[in-house]
Amino acid sequence: MKRRFSPAFTAQLGLTLAVCGFLIVPVVQSVVAGLTENFMVGVKSGLTLRWFVKVWGLYRETIALSILIGLACLACALVLGVPAAYAMVKRQNRLTRLFEELLVTPLAVPGLAIALALIVHYGAFTAFRRSWAFILAGHVIFTLPFMVRSVIAIMHAIRLKDLEEGAASLGAGFGRRFVQIVIPNAVPGILAGALMVFTLSIGEFNLTWMLHTPQTKTLPVGLADSYASMRLEIGSAYTIVFFLMIIPLLVAMQWVAKPRPRTFVMEAIAPATALPDRRAVFPSAADRSDEPVTGSGTALRLQGCAKTFADGTRALEPFDLSVEAGETVVILGPSGCGKTTLLRIIAGLESPDPGGRVYFGGEDVTEVPIERRNVGMVFQSYALFPNMTVAENIAYGLKVRGVDTARRNRRVSQMLEMMKIGELRNRPIEQLSGGQKQRVALARAIAIRPRVLLLDEPLTALDAKLRDALRVEIDGLLRSLGITAIYVTHDQAEAMALGDRIVVMNIARVAQVGTPREIYFAPRTRFVAEFIGTINRLKGRVQGGRLILPGGSLPLPERVRGPADGEIELFFRPEHARLVDPGQGGLQATVAASFFMGDRTRLLLEGAAEGGLTIETAGNRCFRKGQRVEVVVEPDALLRLDA
Amino acid sequence: MENRNTLLLTAMFTPALVVFTAFFLLPLARLAVESSLGPSGVGIYIAAITTPRYLETLGYTVFLSASVTLVTLVVSGVSGVFLARNEFRGRSLLVSLLTFPLAFPGVVVGFMIILLAGRQGLIGDITGCLFGAKVVLAYSMTGLFLGYLYFSIPRTITTLMASAEKLDRSLEEAARSLGASPWRVTRDVLIPALVPGLISSGAICFATSMGAFGTAFTLATHIDVLPIVIYTEFTLMANIAMAAALSIFLGAITWAALSVARAVAGNTVAAAG
């Protein structure tokens with residue numbers, strides 16, 4: 001608080017006030033001048049409104065024309081600018097980028113030059129030259145960039161791509177998406193652009209002065225006339241009229257630009273209550289209603305689906321996969337391995353390279369766009385429509401399909417009940433917590449009775465505890481609905497818990513497909529073994545049926561011994577080793593570090609094998625660094641893996 | 001579906017492109033052609049930069065715009081950061097007052113300068129009372145300078161306030177935690193972080209000052225700045241070729257200023273007014 005009156009503060013405040021004075025004093029002067037009888041004498045001469053009457057008599061047509069041109073210009077900017085901005089955001093190619101560049105040029109070229117160009121080019125068309133449409137043409141060129149840029153900015157800010165993909169997954173086609181999703185969510189940007197366009201058009205002088213004729217005078221042209229020829233008082237009164245016109249516009253602009261306070265929503269649902277008794281909830285929900293909760297899922301088959309992006313990167317090597325009806329398949333892999341691309345090919349958001357086919361049941365859907373594939377999709381960002389309530393979001397896919405209101409409402413209620421979010425029915429999306437959004441996104445995807453449910457990292461955006469709770473819930477949901485589901489994640493715990501089968505992916509190709517148990521206990525490659533859980537490596541020489549290691553030797557079962565003596569590498573999981581009392585023939589090791597994890601203690605051991613070992617032991621034992629221990633590895637748990 | 005959507009998107013994009021081509025690209029091309037149709041052909045451009053009158057005007061305009069830009073940046077930078085960083089009573093009123101002239105066209109700005117520094121202006125009255133001689137600045141280069149300042153400051157303050165609000169305060173806190181004095185924090189952290197904003201709003205300020213016509217038109221009966229010369233060449237002398245050539249010069253300069261700023265500052269820069 002003391003800093004407030006520091007010399008620096010005072011100097012800055014002083015400068016700011018001086019600037020404010022410089023800007024505002026003449027404004028005040030003009031207001032006073034417009035209201036006084038005689039400006040030279042001052043306020044003493046008396047206050048009057050008669051100058052306004054004069055202005056009305058002399059200039060009312062210029063005011064009307066300016067409003068007319070402003071509105072016409074606004075209409076043109078909306079009709080031309082909004083679709084063009086949308087096209088430019090959606091289609092990034094050389095033509096649109098060139099146009100985006102070109103659009104900025106009217107802002108860089110002085111109005112005078114643009115006006116001159118228009119006169120030189122169109123001056124011969126006398127009717128056009130003499131009409132106000134000529135001025136309008138100049139104003140449209142001058143203001144269009146502002147509209148386009150404002151709309152482009154908002155379209156980038158609202159995750160338009162996610163929202164549109166969400167709408168497409170629910171069955172909305174191009175036109176419907178543009179009208180129901182794009183436009184409503186771009187409203188703040190369109191509004192800001194519209195105010196800007198209208199204000200600029202009303203006040204435009206540089207172009208207009210050159211383009212106007214005695215019959216087509218706008219407000220600023222009239223102002224220039226009044227300043228040049230009339231009494232100062234009339235000019236001032238006219239200026240006041242101009243102020244009165246732009247003040248509401250400026251206020252509206254500030255209001256539109258003001259950042260809305262974001263509502264912070266606490267995670268209201270505690271993990272304990274978030275676990276529904278699914279045996280009680282789901283069958284009963286299905287029983288009570290006259291309609292089943294979902295249609296049964298469809299089998300899914302991918303055949304030779306590869307994906308090469310325009311820049312030549314291979315996102316996916318030719319890929320085959322069969323998923324049975326009702327099965328949950330988890331696609332697991334590190335980020336950038338192509339798993340999301342795979343999901344988007346199944347959804348119909350990407351098409352596979354020529355030759356790849358996607359079958360739903362017996363139907364070849366490769367050429368069918370997402371809006372007609374009847375898939376339910378849950379996006380990582382949820383892609384909930386901010387312009388609709390919870391219930392409207394859930395009902396959207398049904399509305400697109402032309403389901404009547406009564407049945408739609410019934411289905412929405414069913415979904416809300418199933419997801420235990422009945423109280424959120426009429427909430428706007430922005431007032432939901434992350435976990436609630438996730439539930440709404442699931443309900444929206446399931447409401448349309450999809451043939452296949454696709455989930456793209458649905459839990460990644462949530463915190464750990466909520467993630468665990470929702471994982472259990474999603475598991476229950478998928479099993480009780482018997483829906484075919486493809487679930488993409490990079491989290492191995494999620495994959496283990498949810499998948500009937502897991503597809504482990506590594507850089508654009510499949511590393512292994514199998515049940516969670518197969519993947520964990522019989523990983524086929526080192527990548528799979530290391531990606532899922534922790535694995536230890538024993539590198540040593542085989543001699544007389546034993547593996548010779550720095551800390552001792554191990555008996556090797558026939559299975560992993562290999563044809564001849566020599567160097568080999570074997571692997572085992574931490575839980576397949578135990579500490580034994582000294583002298584029992586284990587590997588000698590020293591404790592490098594120990595981590596108490598509650599139910600167990602994780603030990604890093606050195607000296608037993610090259611690179612150290614990680615093993616787990618009961619939680620109640622204490623270890624200190626440097627302590628000598630002896631480890632025995634279960635021979636049956638040893639694995640040989642390809643690199 | 002891809003193909004159909006491409007078609008639809010192209011359709012959405014076409015009307016704007018057509019209008020833009022018809023009323024901007026074609027006329028500008030025509031202007032370029034027209035400039036070389038005079039008696040001296042393409043040599044008009046050489047004439048434009050070798051004729052002392054035009055060259056002098058160009059020099060005046062560039063000098064005026066550059067000095068306006070400099071002063072605007074200093075004043076708006078200090079005020080913008082001050083307003084973005086301090087919370088005090090009356091702040092929002094002050095911001096509203098400072099941004100009110102944002103929507104004034106050049107003619108109104110000219111009138112404001114006449115009221116402030118014209119023959120019956122406030123400065124004249126005050127100096128008249130104090131020294132017995134009225135100081136009249138409005139109708140000279142000084143008046144034009146004041147007018148361009150009046151025009152540029154509100155825009156620049158708004159932009160710089162926005163960039164100052166976006167700055168990561170923890171950077172300054174980090175600098176202070178490392179022992180930097182307020183002055184050093186300003187020099188080493190604050191100003192470098194504001195540079196992109198300063199460059200882009202400076203370029204806009206320069207470009208608008210170069211092309212500003214309304215203010216000069218209201219004030220400058222005797223001062224030759226480029227837009228006024230173009231206007232007189234065209235309307236009074238009917239020397240269309242020279243007017244066209246000079247407009248193209250003017251456009252090239254402003255366009256170059258904005259392009260350089262865009263390349264340096266990296267964000268989108270556009271003029272207004």
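This text leads through a predicted model of two chains, A and B, from the domains of chain A to the helices of chain B and the contact between the chains.

Chain A is divided into four parts: domain 1 covers residues 2–47, domain 2 residues 50–257, domain 3 residues 273–526 and domain 4 residues 534–637. Between the C-alpha centres of domain 2 of chain A and domain 3 of chain A the distance is 45 Å. These domains do touch, with 15 residues of domain 2 of chain A in contact with 18 residues of domain 3 of chain A. On the domain 2 side of this contact, helix 7 (160–169) and helix 8 (174–203) of chain A each contribute at least two residues. Helix 7 of chain A provides the largest share of that side, 6 residues. Sorted by class, the side of domain 2 of chain A that touches domain 3 of chain A holds 6 nonpolar, 5 polar and 4 charged residues.

Attention now turns to the strands within the bounds of domain 4, residues 534–637 of chain A. Strand 15 (residues 536–543) of chain A pairs with strand 18 (residues 567–572) of chain A in the antiparallel sense over 6 bridges. Within this pairing, Asn536(A) has Phe572(A) in strand 18 of chain A as its bridge partner. Strand 15 of chain A is also joined to strand 16 (residues 546–549) of chain A by 3 bridges, and these strands run antiparallel. Here Arg541(A) has Ile548(A) in strand 16 of chain A as its bridge partner. Strands 15 and 16 of chain A form a hairpin with 2 residues between them, and Gly544(A) in the turn has a positive phi of about 60°.

Further along chain A, 5 strands form an open sheet with antiparallel pairing, in the order 19-23-20-21-22. Strand 19 (577–580) and strand 22 (613–618) of chain A are at the edges; each has a single partner strand, so one side of each is left without a neighbour in the sheet. On average, neighbouring strands of this sheet are turned by 50° against each other, direction ignored. The partner of the edge strand 19 of chain A is strand 23 (residues 628–633) of chain A, to which 4 bridges join it in an antiparallel arrangement. In this pair, Arg578(A) stands opposite Val632(A) in strand 23 of chain A. In general, the pairing of strands in a sheet is made through backbone hydrogen bonds, either parallel or antiparallel.

Chain B contains 12 helices and 0 strands. Its C-alpha trace spans about 80 × 70 × 30 Å along the principal axes. One helix pair can be followed in detail: helix 5 (residues 106–117) and helix 7 (residues 141–166) of chain B pack at an angle of about 125°, with their axes 9 Å apart. The two helices of chain B are therefore oblique to each other, and their crossing is right-handed. Among the residues that meet are Gly106(B), Val109(B) and Gly110(B) in helix 5 of chain B, and Gly143(B), Leu146(B) and Gly147(B) in helix 7 of chain B. By class, this contact has 7 nonpolar, 4 polar and no charged residues.

Finally, the two chains meet: 69 residues of chain B are in contact with 66 residues of chain A. Helix 1 (residues 2–35) of chain B supplies the largest share of the chain B side, 19 residues. That side of chain B comprises 56 nonpolar, 11 polar and 2 charged residues.

Terms used:
Residues numbered from 1 in each chain as written. Chains lettered and ligands numbered in written order. Predicted model: local features only at pLDDT ≥ 70, side-chain atom pairs only at ≥ 80, totals over all residues. Domains from an automatic or database assignment. Contact = placed C-beta atoms within 7 Å. Nonpolar A, V, L, I, M, F, W, Y, C, P; charged D, E, K, R; others polar. Axes fitted to C-alpha atoms, helices over the stretch in contact; angles between N-to-C directions. Parallel < 35°, antiparallel > 145°, perpendicular 65-115°, else oblique. Left-handed = near helix turned anticlockwise from the far one by under 90°. Pairing = 2+ DSSP bridges.
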